[in-house]
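Here are some exercises to work through with the model open beside you. Try each task on your own before reading its solution.

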Amino acid sequence: MNFTPSQVSAMCEKYGAQVGPLPAEVDGTQLLWAMSGNESSFGVNCTPRHEPAFDVGGAYGANGDMPALIALYGSPAAACSYGPLQVMLCNAGNTSPTDFDDLDQAFAASVAYLNTLLRRFNPQSLDEIGECWNAGHVTPDPGYTSKLEANYGVPRAQATGE
């Protein structure tokens, strides 16, 4: 399920204040907006993204919740990221792939996981937050973080046509 930038913008506004802890210079609403730009072109491309490392035979396919998720939802659905922020199903709490058809549920699950990363790694910059989101920990990722910085600078009104 894809969404309009206006719909995604509204969810960023709704959930932005719930994101944290954040460095002082990072705004939660704009962070979510930038992440949605990186991950789904602001909601217009929310196609589930298969991550082979999380599937049967992949590096993480036999770890943690993956065997149960694969048994429940099958391959490749269990090994995909979903929604405007492309959160991995295994990181999205007690959700199913179809839950991401609901934009509010997609944001709630994504923000809950983002907050877990923020508490665990205490990133000190927008770049470090992006690294945590993309790799699961702070690690240099200039391709992702450069795009995140650019999207952080995109006003929501500009992208939504408002």
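This is a predicted model, in which local features need pLDDT of at least 70, side-chain atom pairs count only at pLDDT 80 or more, and totals for chains, interfaces and linings use all residues. Residues are numbered from 1 along each chain as its sequence is written, and side-chain values use heavy atoms, with hydrogens and water left out.

**Exercise 1. Describe the sheet: in what order do the three strands lie, and which are the edge strands?**

Step 1. Helices (H or I, at least four residues) and strands (E, at least two) are DSSP runs, numbered from the N terminus. Two strands pair if DSSP finds at least two bridges between them.

Step 2. The open sheet has the order β1-β2-β3, with antiparallel pairing. At its edges are β1 (49–50) and β3 (87–88), each of which pairs on one side only.

Step 3. Now look at one pairing. β1 and β2 (residues 80–82) are joined by two bridges, and His50 has Cys80 of β2 as its bridge partner.

**Exercise 2. Find the core: which helix supplies its largest share?**

Step 1. Buried means under 20% relative accessible area, exposed over 50%, and partly exposed in between (1.4 Å probe, protein chains only). A nonpolar core is a set of buried Ala, Val, Leu, Ile, Met, Phe, Trp, Tyr and Cys residues joined through side-chain atoms within 4.5 Å.

Step 2. The largest nonpolar core holds 46 residues, and Leu114 and Trp133 are among those with the most contacts inside it. Its largest share, nine residues, comes from α4.

Step 3. Contact means heavy atoms within 4.5 Å. Beyond its neighbours within four places in sequence, Leu114 touches several residues, including Leu31, Leu32, Ile129 and Trp133.

**Exercise 3. Compare two serines: where do Ser110 and Ser36 sit, and what do they touch?**

Step 1. Ser110 is in helix α4, and it counts as buried because its relative accessible area is 2%. Apart from neighbours within four places in sequence, its contacts are Leu85, Val87 and Trp133.

Step 2. Ser36 belongs to helix α2. It is buried because its relative accessibility is 0%.

Step 3. Leaving aside neighbours within four places in sequence, Ser36 has contacts that include Phe42, Pro84 and Leu85. Pro84 is 48 residues from Ser36 in sequence, but 5.3 Å away in space, C-alpha to C-alpha.

**Exercise 4. Check the backbone: which loops hold Phe42 and Asn122, and are these residues buried or exposed, or in between?**

Step 1. Most residues other than glycine have a negative phi, and most peptide bonds are trans.

Step 2. Phe42 is not a glycine, yet its phi is positive, about 65°. This residue is in the loop between α2 and β1 and counts as buried, because its relative accessibility is 13%.

Step 3. Asn122, also not a glycine, has a positive phi of about 45°. It sits in the loop between α4 and α5 and is partly exposed, because its relative accessible area is 46%.

Step 4. Turn to the peptide bonds. The bond from Gly20 to Pro21 is cis, with omega near 10°, and Pro21 is in the loop between α1 and α2. The bond from Ser75 to Pro76 is cis, with omega near 10°, and Pro76 is in the loop between α3 and β2.
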